[in-house]
Amino acid sequence: MAVILIRWKVRDVEELIAEVYPAQEMKCPVHLYIGQEAVASGVCAHLKASDLVLSTHRSHGHYLAKGGKLESFFAELYGRAAGSSSGKGGSMHLLDLDVDDVRARVSELSALTQLSPTIHATGHSRPQWVG
């Protein structure tokens, strides 16, 4: 997908979240990525499908730009079992190993330490982007 299309997708999703969040049906706090779409879109457009992305608390854009599933994304925000972290991680802990996107609300060094067995087991020598 072209970088500009990824960027628009991320912005559209973030604006939708901002619009529906006040209804208080989402089961988690959210940290919107509005205004930062170009970063995730530009970087992820140049990554291989197998490249690992490790993100922090404001990275809906990373998840979406890397190809995370919208259905899993929104299910997670609403606390549903079909969510990317079974509805337990919320906005802060999205995870989609099918697209090698890992999100953790911890420092990158701590997350790398915690994830090193998984990174090694999947054949990655290191994350290709820590954002």
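These exercises work through a predicted model, each with a solution in steps.

**Exercise 1. Two helices**

Find how helix H1 and helix H2 are oriented: what is the angle between them, and which class does it fall in?

Solution.
- Locate the helices. H1 covers residues 3-20, and H2 covers residues 37-44.
- Read the geometry. The helices pack at an angle of about 140 degrees, and their axes are 9 Å apart.
- Apply the cut-offs. Roughly antiparallel needs an angle over 145 degrees, and roughly perpendicular covers 65 to 115.
- Conclude. H1 and H2 are therefore oblique to each other.
- Add the handedness. The crossing of H1 past H2 is right-handed.

**Exercise 2. The contact of H1 with H2**

List which residues of H1 and H2 meet, then sort them by character.

Solution.
- Start with H1. Its contributors are Val3, Ile6, Arg7, Val10 and Arg11.
- Go on to H2. Here the partners are Glu37, Ala38, Ser41 and Gly42.
- Sort them. Four are nonpolar, two are polar and three are charged.
- Mind one detail. Gly counts as polar in this sorting.

**Exercise 3. Cysteines**

Work out how many disulfides the structure holds, and whether Cys28 and Cys44 are buried or exposed.

Solution.
- Count the disulfides. A search of the whole structure gives zero.
- Recall the cut-off. Buried means under 20% relative accessible area.
- Check Cys28. Its relative accessible area is 8%, so Cys28 is buried.
- Check Cys44. Its value is 7%, so Cys44 is buried.

**Exercise 4. Ser84 in its loop**

Decide where Ser84 lies, whether it is buried or exposed, and which residues it contacts.

Solution.
- Place the residue. Ser84 sits in the loop between helix H4 (70-77) and strand E2 (95-96).
- Judge the accessibility. Ser84 has 16% relative accessibility, so it counts as buried.
- Name the contacts. Neighbours within four places in sequence are set aside. Ser84 then contacts Tyr63, Ser72, Glu76, Leu94 and Leu95.

**Exercise 5. Positive phi**

Compare Gln24 and Ser86: what is the phi of each, and where does each lie?

Solution.
- Know the background. Most residues other than glycine have a negative phi.
- Take Gln24. Its phi is positive, about 60 degrees, although Gln24 is not a glycine. Gln24 belongs to the loop between H1 and H2.
- Take Ser86. Its phi is also positive, near 60 degrees, and Ser86 is not a glycine either. Ser86 is found in the loop between H4 and E2.
- Test the accessibility. Exposed means over 50%, and partly exposed lies between that and 20%. Gln24, at 69%, therefore counts as exposed. Ser86, at 44%, is therefore partly exposed.

Definitions and conventions
Residues are numbered from 1 along each chain as its sequence is written. This is a predicted model: local features need pLDDT of at least 70, side-chain atom pairs count only at pLDDT 80 or more; totals for chains, interfaces and linings use all residues. Side-chain values use heavy atoms; hydrogens and water are left out. Axes are lines fitted to C-alpha atoms, for helices over the stretch in contact, and angles run from 0 to 180 degrees between N-to-C directions. Helices (H or I, at least four residues) and strands (E, at least two) are DSSP runs, numbered from the N terminus. Angles under 35 degrees count as roughly parallel, over 145 as roughly antiparallel, 65 to 115 as roughly perpendicular and the rest as oblique. A crossing is left-handed if the near helix is turned anticlockwise from the far one by less than a right angle, and right-handed if clockwise. Contact means heavy atoms within 4.5 Å. A disulfide is a pair of cysteine sulfur atoms within 2.5 Å. Buried means under 20% relative accessible area, exposed over 50%, partly exposed in between (1.4 Å probe, protein chains only).
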